[in-house]
Amino acid sequence: MHGRPRKAYKPEEEAASAAKAAKLRALQSQFMSNHHNKIYTKEAVALSTKLLEINPEAYTAWNYRKLAVEGKLSRIESDPDLIKTILDEELRVVESALSQNFKSYGAWHHRKWVLSKGHSSVGNELQLLNKFQKLDTRNFHASNYRRFVVELTKRSEQDELKYTDDMIGSDFSNYSAWHNRSVLLSSLLARKADGFLPNKKIPDEYKLVQNAIFTDEDDQSGWFYHLWLLDQTVNVETPLLTSSWPSHGSRISLYAGCSNGSFSKLTTFGSESGYFPLVLNFDQAVGGVSSSTVTIDTELKGNEDLVWEPVSKKNSHVSCVWVARLKYISSEPCFGKEYKVKVKIGNSPGIVSSRGCNFSASYEFVFTAHVHDTVEESSQEGIVSWTDGFDIWDAESKDLNALTTLDRSNAQMDSKWRQEAIAEEIDLFRELPDSKIGKLTLARLLMAKAMISDDAVKGVHYNEILELYKDLMALDSSHYQYYKDVHSVALLRKVTSSTEDLSGHLFRCRNMNNSVCLRLNNLSLSRIASVEKLLFVQMLDLSHNELHSTEGLGGMQLLSCLNLSHNRIRSFSALDSLRHLKQLRVLDVSHNHIGEHSVDTTRYLCSSPLFNSEWTQDEVGRQMPTLVTKYWDAYFVLRDLNLKQLDITGNVIAGDVFSSFVLRVVPKLVWLDGKKLEI
């Protein structure tokens, strides 16, 4: 374990081990009898001491001792000396157990419990820790306990940081010291302690870790710390608004029901409910988005108290994406008119990240909504084709700039020192020999630079990044899937890095009201990314890729048609994020692997009916309990969708039984597997 090879036992060592095991079994039998009978005599407690000296991982024995100590303390009067004697004996037992195994969770936790009583001296604890940390510099248990002791003794974080200097100076491979350093610096930088500003301290840290990496490039400790530093360089603590739909300055055409005509060269949106989505995308998960923290100024009636919902898993109150639905059809005549909608964010406090940081940058965007005359609703008669009726996007058109705002976050962060620090690191790592970890770090550095660079140089960075990950996939097959995923992320960031790159994948669908269609098919994608830049897309073609799930698509609230055919999706629960897409009407998941695998970890994205009684509360659940239990993941996803066209051919799950089940769960379905249903 941890790179340390196992060695074969000699015959005499095997005999000693067998004798120890026999003794341990006898002690455990006696101890468990005492524990079950609640015997806490002096002899019984002494027996638990012997057991723990042999096996410090006997967690039940530590809990037994806690019960014994609590019993003793409850029977004596307030005698500080006697209390201290009892607790000091526990500390002695812990130290003895740690001498057998200084990585025993139970022993360290028991020591914490004793000190938390407040009757023991903590003066010698740091000396004890120094002793155990010298025995094994990678002792995370001792490092965690050290942070506990430091908090008790009120020792400053600056002093502890100097301690990590000494530990790292004596051994670059001290992973625990590097980790502890990252914990301390995170705190010092967050509260902006004297001398700990990111633009000053982080460049100094790069120089420190360079010494470790270039001394022994095969040691992983410094590499992990370098990765943490890169994260601190690119990311900012305070949450930022990265994109929105509608975007600032855009024009959208709104109509009721379904339409056969085109009202605008820009985004045309129709809804049977008379509402359209307003989407806010942040760079990190936030909570507190509400009508009090986001104000809407518009003449559209009925939007005084908007309800904002997080696009996240059930019962979660934080998300990167928040959605409100603006009403544009009311009892009062409002058709054939244009309305300005002004959205203000950050003027009132309350939006807070999951890490406790406030959204502090106020932002305002304005768009124009043109509400057209009502169009009579009609059922979807024709099947939606992914091959016919598409027009290539005009690369010279300025429409795309009005549809999306790219890289808004860069304007809200101090990027000069970040760019300089990353540029210096790139120059250094280009000098490293041709190694896997060197290529990986260089790819990560180039990705970081691309994220905070101007559009003009991004394409060059992404091309090199993609080549590096291709090399890594060939060099290191054991981590192939990881490299494949980050390669997909880099490719999608390249596609969305500029309007020129993005327009090459965009089309207009004449048969769907000139809807905006994005084609990302045949790109060998295994992961979805950069969705925050695609909020305007209404049709998305992800066919002929290597996707295992739709994670990340929940923010694309305008999506009405989605093609996932010929991918590697193994269950309907891998489509869980689609439950948030209220406009989705066409879904193609044909030729995947749904139903092929009996065990699929992605199924646990949804709650199983074995633990959830929701399915018994609706008509389908009551009438088809056996099928709901069998196809529970499909049931939980499909019942929340309002599909009119679904294709599941080419999957193991497909067949007459499942088709009949789908028809009950999705009653508005018109087309199934390319065939029109009899209504």
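Select strands β4 (residues 275-287) and β7 (residues 319-327) to start: the two pair in the antiparallel sense over eight bridges. Within this pairing, Y275 stands opposite K327 in β7. Keep β7 on screen and add strand β6 (residues 309-310), which runs antiparallel to β7 and is joined to β7 by two bridges. Here P310 is the residue to pick, since its place is opposite W322 in β7.

The model is predicted, and colouring by pLDDT is a useful next step. Mean pLDDT for the protein is 85, with 87% of residues at 70 or more. Go to residues 376-380, where the pLDDT is below 50; this stretch has 10 contacts in the model beyond near neighbours in sequence. Then go to residues 600-605, where pLDDT also stays under 50. For residues 600-605 the model has 14 contacts beyond four places in sequence.

Next, display the strands from β11 to β19. These nine strands form an open sheet with mixed pairing, in the order β11-β12-β13-β14-β15-β16-β17-β18-β19. At its edges are β11 (390-392) and β19 (675-676), each of which pairs on one side only. For a parallel pair in the sheet, select β17 (residues 645-647) and β18 (residues 671-672), which are linked over two bridges. L646 has L672 in β18 as its bridge partner.

Move to helix α8 (residues 157-170). Its 14 residues should span 20 Å at 1.5 Å a residue, and the end C-alpha atoms are indeed 20 Å apart. Colour E160, L161, Y163, T164, M167 and I168, the buried residues of α8. Looking down the axis, you will find these buried residues within an arc of 155 degrees, so they line one face of the helix. On the other side, K162, D166, G169 and S170 are exposed. To see what covers the buried residues of α8, add helices including α6 (125-135), α7 (140-153) and α9 (175-190).

Stay with α7 and select R146, which lies in that helix. Is R146 buried or exposed? R146 counts as buried because its relative accessibility is 3%, against a limit of 20%. Show its surroundings: leaving aside residues up to four places away in sequence, R146 touches L126, L129, N130, Q133, R155, E160 and Y163. Two of these contacts, E160 and Y163, are also buried residues of α8.

Helix α16 (residues 480-495) is the next stop. Its 16 residues reach 22 Å from the first C-alpha to the last, close to the 22 Å expected at 1.5 Å a residue. Colour its buried residues: Y483, K484, V486, H487, S488, V489, A490, L491, L492, K494 and V495.

Finish with the cysteines. How many disulfides are there? The count is zero, taking sulfur atoms within 2.5 Å as the criterion. Select C517 together with C509: the C509 sulfur is the closest cysteine sulfur to that of C517, but at 6.8 Å it is too far for a bond. C517 is buried, with a relative accessible area of 0%. Now select C561, which is in no disulfide; the nearest cysteine sulfur is again that of C509, 7.2 Å away. C561 also counts as buried, at 1% relative accessibility.

Note on methods. Residues are numbered from 1 along each chain as its sequence is written. This is a predicted model: local features need pLDDT of at least 70, side-chain atom pairs count only at pLDDT 80 or more; totals for chains, interfaces and linings use all residues. Side-chain values use heavy atoms; hydrogens and water are left out. Helices (H or I, at least four residues) and strands (E, at least two) are DSSP runs, numbered from the N terminus. The expected span of a helix is 1.5 Å times one less than its number of residues. Buried means under 20% relative accessible area, exposed over 50%, partly exposed in between (1.4 Å probe, protein chains only). The arc is that of the directions from the helix axis to the C-beta atoms. Contact means heavy atoms within 4.5 Å. pLDDT is the predictor's confidence in each residue, from 0 to 100. Two strands pair if DSSP finds at least two bridges between them.
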